[in-house]
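Please look over the sequence and the model below before reading on. The paragraphs after them are meant to be followed with the structure in view.

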Amino acid sequence: MSVIIKNALRIPALKSAGKLFGTNSTVNVTKIQATRSIWNLSQSQETFHHKCRKHNFCQCSSLRSVHTRGGNFLSKTATETAPGVAATDFTQGEKELADFLVEEISAERKLQKSKKLPSEIDGFKIVIEGSEISLVKKNGDETIEVNFNVNHSVDTDPVEPEIEPTMDKPELGEMKSRPTFEVEINRAGQTLGFTCSTVSPSHQQGQQEESYNDLFLIDEVVMYQGDWKDSNYSVSGEVLDGTLYDLFMNLLEDKGISNEFVEKLIDFSTSYEHESYIRMLEDIQRFVSPK
């Protein structure tokens, strides 16, 4: 069969968004009036967590999506495009997601505790590149650098609050971004490095019983010349002599890596992670919205 005959037999298959989703069709669905639970878990209404299928105070570690039941949030229809321009056929799921995100983003913006991030922490200049954060301080020929990544840093081990049956709005523990961070002390081409992890709230309770209250732990120690290589030797903090471990902690405090510094690092990481989450929601909302 010739190419001309083949082309003549082809039938246009595109349909406009207006034909697919008529203006008279209305879908009633449950309104999801939600805020991300790590930022606001104090709700007077009944809540439902879709992952573990539980109501009220969910104990699931994935607390990213706790939704409030009731109402209807779907109202938009597909937008018209210019004559002669093929329109993208947005699915019903995309439209529902776009409508929900409008309210979700607004709610998250209202929950922001700090809308302006600092440019430095205790003399450490803050350098941001996507999800990666560097805190840099120079002292003569010595450079101290603290690096961390906010991805997957939100604490999934909150302290369970005491909830009385008579409480109208129980105060639930706030989840925070507690990233693992690396400290590099560089002098004359040599680097003494520490990998540190922030202490979870439940671990802090155990520390109080043992009469010490460090907000971070040393996970690994390394010493190397020049650039970092995977073949560099490192030792776990768990096998260090107790006195040596304490001296390393004292050294870090002398360089400015103290409990107070780590507390400010956690606050900054929490604010920046929340801002990054909101920006991601805004990008998704634009992506699934008809232009």
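What follows begins with the chain as a whole and then turns to a pair of helices and to single residues.

The structure shown is a predicted model, and its protein chain is built with 6 helices and 12 strands. Of the 291 residues in the protein chain, 35% are buried, while the surface that the chain exposes comes to about 18,300 Å², with carbon and sulfur atoms supplying 50% of that area. When contacts between residues at least 6 apart in sequence are taken together, 63% of them join residues that are at least 24 apart.

A good place to begin in detail is the pair formed by helix H3, which covers residues 92-111, and helix H6, which covers residues 259-287. How do these two helices run relative to each other, parallel or antiparallel? Their axes come within 9 Å and cross at roughly 160°, and because of this angle H3 is roughly antiparallel to H6. The crossing of H3 and H6 is left-handed. On the side of H3, the residues that make the contact include Leu 97, Leu 101, Val 102, Glu 104, Ile 105 and Glu 108, and on the side of H6 they include His 274, Tyr 277, Ile 278, Leu 281 and Ile 284. Sorted by type, the residues of this contact divide into 10 nonpolar, 2 polar and 5 charged.

One of the residues in this contact, Leu 281, can be followed more closely in helix H6. Leu 281 has a relative accessible area of 6%, and because a value under 20% counts as buried, Leu 281 is a buried residue. Leaving aside its neighbours within four places in sequence, Leu 281 is in contact with Leu 101, Glu 104, Ile 105 and Glu 108. Although Leu 281 and Val 102 are 179 residues apart along the chain, their C-alpha atoms are separated by 9.1 Å.

From the helices, the reader can move to strand E8, where Val 146 has its place. Is Val 146 buried or exposed? With a relative accessible area of 0%, Val 146 is buried, and, apart from neighbours within four places in sequence, the residues in contact with Val 146 include Phe 124, Ile 133, Leu 135, Phe 181, Val 183, Ile 257, Phe 261 and Leu 265. The C-alpha atoms of Val 146 and Leu 135, which are 11 residues apart along the chain, are separated by 4.9 Å.

Leu 135 also serves as a reference point for Ser 119, since these two residues are 16 apart in sequence and 9.7 Å apart in space, C-alpha to C-alpha. Ser 119 sits in the loop between H3 and strand E5, and with a relative accessible area of 56% Ser 119 is exposed. Beyond its neighbours within four places in sequence, Ser 119 is in contact with Phe 124, Lys 125 and Ile 126.

Two further loop residues deserve a look for their backbone angles. Most residues other than glycine have a negative phi. Asp 122, in the loop between E5 and strand E6, has a positive phi of about 50° although it is not a glycine, and Asp 122 is partly exposed, with a relative accessible area of 38%. His 152, in the loop between strand E8 and strand E9, likewise is not a glycine and has a positive phi, here of about 55°. The relative accessible area of His 152 is 85%, so His 152 is exposed.

Terms used
Residues numbered from 1 in each chain as written. Predicted model: local features only at pLDDT ≥ 70, side-chain atom pairs only at ≥ 80, totals over all residues. Heavy atoms only, no water. Helix = DSSP H or I, 4+ residues; strand = E, 2+ residues; numbered from the N terminus. Buried < 20%, exposed > 50% of the residue type's maximum accessible area, 1.4 Å probe, protein only. Contact = heavy atoms within 4.5 Å. Areas by Shrake-Rupley, 256 points an atom, 1.4 Å probe, with all protein chains shown as cover. Axes fitted to C-alpha atoms, helices over the stretch in contact; angles between N-to-C directions. Parallel < 35°, antiparallel > 145°, perpendicular 65-115°, else oblique. Left-handed = near helix turned anticlockwise from the far one by under 90°. Nonpolar A, V, L, I, M, F, W, Y, C, P; charged D, E, K, R; others polar.
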